Amino acid sequence: DRLSTVPDGWRPPDDPALAEDDSDDDSPPKLTVCDEVGKMELLSVKFGPALAAALDSKASVLGTCLQPAKNQRDPEVVELTKRRPDVKVLKITRNNREALLEQAYKELRDCLNLG
(Lines give C-alpha, C1' and ligand atoms only; values in the text may rest on other atoms or scores of the structure.)
Protein backbone atom coordinates (compact mmCIF):
# COMPACT_ATOMS: atom_id res chain seq x y z
CA ASP A 1 0.00 0.00 0.00
CA ARG A 2 2.71 2.48 -0.93
CA LEU A 3 2.43 5.29 -3.40
CA SER A 4 3.48 4.37 -6.90
CA THR A 5 3.34 5.85 -10.38
CA VAL A 6 -0.02 5.55 -12.10
CA PRO A 7 0.40 3.23 -15.11
CA ASP A 8 -0.12 4.71 -18.58
CA GLY A 9 -3.70 4.29 -19.72
CA TRP A 10 -5.05 3.61 -16.22
CA ARG A 11 -8.62 4.76 -15.66
CA PRO A 12 -10.56 4.84 -12.39
CA PRO A 13 -13.24 2.17 -11.93
CA ASP A 14 -16.74 3.00 -13.15
CA ASP A 15 -17.94 5.01 -10.20
CA PRO A 16 -20.46 7.82 -10.69
CA ALA A 17 -18.67 9.88 -8.04
CA LEU A 18 -15.49 9.71 -10.11
CA ALA A 19 -17.06 10.10 -13.56
CA GLU A 20 -15.41 12.65 -15.81
CA ASP A 21 -17.55 15.54 -16.90
CA ASP A 22 -17.35 15.88 -20.67
CA SER A 23 -19.07 19.27 -20.70
CA ASP A 24 -17.10 22.41 -21.44
CA ASP A 25 -18.28 24.27 -18.34
CA ASP A 26 -15.84 25.88 -15.96
CA SER A 27 -17.06 24.07 -12.88
CA PRO A 28 -14.93 24.56 -9.77
CA PRO A 29 -12.41 21.88 -8.83
CA LYS A 30 -13.13 19.35 -6.10
CA LEU A 31 -9.49 19.31 -5.04
CA THR A 32 -6.91 22.08 -5.15
CA VAL A 33 -3.29 21.10 -4.52
CA CYS A 34 -0.82 23.64 -3.19
CA ASP A 35 2.48 21.80 -3.09
CA GLU A 36 5.12 23.26 -0.82
CA VAL A 37 4.28 26.74 0.32
CA GLY A 38 7.80 28.07 0.28
CA LYS A 39 9.79 31.27 0.02
CA MET A 40 8.78 32.16 -3.54
CA GLU A 41 5.08 31.75 -2.84
CA LEU A 42 5.32 33.76 0.36
CA LEU A 43 7.09 36.61 -1.46
CA SER A 44 4.26 36.87 -3.99
CA VAL A 45 1.63 39.50 -3.18
CA LYS A 46 -0.92 37.40 -5.07
CA PHE A 47 -0.33 34.18 -3.16
CA GLY A 48 -2.10 35.01 0.12
CA PRO A 49 -5.35 36.11 -1.54
CA ALA A 50 -5.23 33.15 -3.95
CA LEU A 51 -4.76 30.70 -1.08
CA ALA A 52 -7.59 32.33 0.89
CA ALA A 53 -9.86 32.10 -2.17
CA ALA A 54 -9.05 28.40 -2.56
CA LEU A 55 -9.74 27.78 1.13
CA ASP A 56 -13.02 29.72 0.94
CA SER A 57 -14.16 27.74 -2.11
CA LYS A 58 -16.07 24.47 -2.02
CA ALA A 59 -12.95 22.57 -3.10
CA SER A 60 -10.85 20.59 -0.65
CA VAL A 61 -7.31 21.95 -0.45
CA LEU A 62 -4.30 19.69 0.00
CA GLY A 63 -1.17 21.63 0.79
CA THR A 64 2.29 21.26 2.16
CA CYS A 65 4.48 23.83 3.84
CA LEU A 66 7.92 23.81 5.30
CA GLN A 67 8.47 23.82 9.03
CA PRO A 68 9.96 27.14 10.11
CA ALA A 69 13.58 27.21 11.14
CA LYS A 70 14.40 26.80 14.82
CA ASN A 71 13.30 29.81 16.89
CA GLN A 72 11.30 31.22 13.96
CA ARG A 73 7.56 31.47 13.46
CA ASP A 74 5.41 30.55 10.49
CA PRO A 75 4.80 33.38 8.03
CA GLU A 76 1.48 35.15 8.64
CA VAL A 77 -0.36 33.55 5.71
CA VAL A 78 0.63 30.07 6.96
CA GLU A 79 -0.29 30.88 10.56
CA LEU A 80 -3.69 32.25 9.53
CA THR A 81 -4.32 29.15 7.42
CA LYS A 82 -3.42 26.79 10.27
CA ARG A 83 -5.80 28.63 12.62
CA ARG A 84 -8.84 28.22 10.39
CA PRO A 85 -11.47 25.92 11.91
CA ASP A 86 -11.91 24.18 8.54
CA VAL A 87 -8.22 23.27 8.25
CA LYS A 88 -6.71 19.98 9.42
CA VAL A 89 -2.94 20.00 9.92
CA LEU A 90 -0.86 16.83 9.95
CA LYS A 91 2.72 17.41 11.05
CA ILE A 92 4.70 14.89 9.05
CA THR A 93 8.33 14.20 9.91
CA ARG A 94 10.91 11.69 8.75
CA ASN A 95 10.14 9.67 11.87
CA ASN A 96 6.35 9.52 11.52
CA ARG A 97 5.69 9.76 7.78
CA GLU A 98 5.12 6.04 7.29
CA ALA A 99 2.78 5.86 10.29
CA LEU A 100 0.76 8.88 9.08
CA LEU A 101 0.36 7.69 5.50
CA GLU A 102 -2.91 5.86 6.15
CA GLN A 103 -4.29 8.75 8.22
CA ALA A 104 -3.43 11.26 5.49
CA TYR A 105 -5.18 9.09 2.86
CA LYS A 106 -8.23 8.76 5.11
CA GLU A 107 -8.42 12.51 5.72
CA LEU A 108 -8.19 13.23 1.99
CA ARG A 109 -10.76 10.58 1.06
CA ASP A 110 -13.14 11.91 3.74
CA CYS A 111 -12.78 15.47 2.42
CA LEU A 112 -13.59 14.26 -1.09
CA ASN A 113 -16.50 12.07 0.12
CA LEU A 114 -14.80 8.97 -1.27
CA GLY A 115 -15.30 6.94 1.89
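Helix 4 is the top contributor to the lining of the largest pocket, giving 9 residues. Keep that in mind as you work through the exercises below; the model is a predicted one.

**Exercise 1. Work out what the largest pocket is lined with, and which residues are closest to its centre.**

Solution.
- Start with the volume: the largest pocket comes to about 1500 Å³.
- Next, go to the middle. The pocket has 41 lining residues, and Leu62, Gly63, Thr64, Lys88 and Leu90 are the ones closest to its centre.
- Now see which elements give two or more residues to the lining: strand 1 (31-37), helix 2 (47-56), strand 2 (60-65), helix 3 (76-83) and helix 4 (97-111).
- Finish with the chemistry. The lining splits into 25 nonpolar, 11 charged and 5 polar residues.

**Exercise 2. Lay out the order of helices and strands along the protein chain.**

Solution.
- Count the elements: the chain has 4 helices and 2 strands.
- Read from the N terminus and you get β-α-α-β-α-α.
- Then check how far apart in sequence the contacting residues sit. Taking contacts with a separation of 6 or more, 65% are between residues 24 or more positions apart.
- Last, look at burial: 11% of the 115 residues count as buried.

**Exercise 3. Is aspartate 74 buried or exposed, and which side chain does it meet in a polar contact?**

Solution.
- Find the residue first: aspartate 74 is in the loop that runs between strand 2 and helix 3.
- Apply the cut-off. Aspartate 74 has 15% relative accessibility, so it counts as buried, the limit being under 20%.
- Look for a polar partner: the side chains of aspartate 74 and lysine 82 are joined by a polar contact of 2.6 Å.
- Then list the contacts, skipping neighbours within four places in sequence. Aspartate 74 has Leu66, Pro68, Glu79 and Lys82.

**Exercise 4. Describe the surroundings of serine 60.**

Solution.
- Place it: serine 60 belongs to strand 2.
- Check its accessibility. Serine 60 has a relative accessible area of 14%, so it is buried.
- Look at the side chain: one of its polar atoms is 3.3 Å from the backbone oxygen of cysteine 111.
- Add the contacts, again without neighbours within four places in sequence: Lys30, Leu31, Thr32, Cys111 and Leu112 touch serine 60.
- While you're here, look at that partner. Cysteine 111 comes out at 47% relative accessibility and so counts as partly exposed.

**Exercise 5. Why does cysteine 34 form no bond with the closest cysteine sulfur?**

Solution.
- Get the total first: there are 0 disulfides in the structure.
- Take the distance. The closest cysteine sulfur to that of cysteine 34 belongs to cysteine 65 and is 8.9 Å away, which is too far for a bond because a disulfide needs the pair within 2.5 Å.
- Add the accessibility: cysteine 34 is at 15%, so it counts as buried.

**Exercise 6. Find residues other than glycine with a positive phi, and say where they sit.**

Solution.
- Recall the background: most residues other than glycine have a negative phi.
- Take glutamate 36, whose phi is near 55°, a positive value. Glutamate 36 is in strand 1, and its 41% relative accessibility makes it partly exposed.
- Look at what surrounds glutamate 36. Not counting residues up to four places away in sequence, it touches Glu41, Thr64 and Leu66.
- Add a distance across the chain: glutamate 36 and glycine 63 are 27 residues apart, with their C-alpha atoms separated by 6.7 Å.
- Now take asparagine 113, with a positive phi near 55°. Asparagine 113 is in the segment after helix 4, and at 68% relative accessibility it counts as exposed.

**Exercise 7. Where is lysine 91, and which residues does it touch?**

Solution.
- Locate it: lysine 91 is in the loop between helix 3 and helix 4.
- Compare with the cut-off. Lysine 91 counts as exposed because its relative accessibility, 55%, is over 50%.
- List the contacts. Leaving out residues up to four places away in sequence, lysine 91 touches Gln67, Asn96 and Leu100.
- Close with a distance: lysine 91 and cysteine 65 are 26 residues apart in sequence, and their C-alpha atoms are 9.8 Å apart.

Note on methods. Residues numbered from 1 in each chain as written. Predicted model: local features only at pLDDT ≥ 70, side-chain atom pairs only at ≥ 80, totals over all residues. Heavy atoms only, no water. 1 Å grid on protein atoms, 1.4 Å probe; cavity = no way out; pocket = protein on both sides within 12 Å on 5 of 7 lines; lining within 4 Å. Points joined across faces, edges and corners; volume = space filled by probe spheres on them. Nonpolar A, V, L, I, M, F, W, Y, C, P; charged D, E, K, R; others polar. Buried < 20%, exposed > 50% of the residue type's maximum accessible area, 1.4 Å probe, protein only. Polar contact = N/O pair within 3.5 Å; in protein donor to acceptor, adjacent residues only side chain to side chain. Contact = heavy atoms within 4.5 Å.
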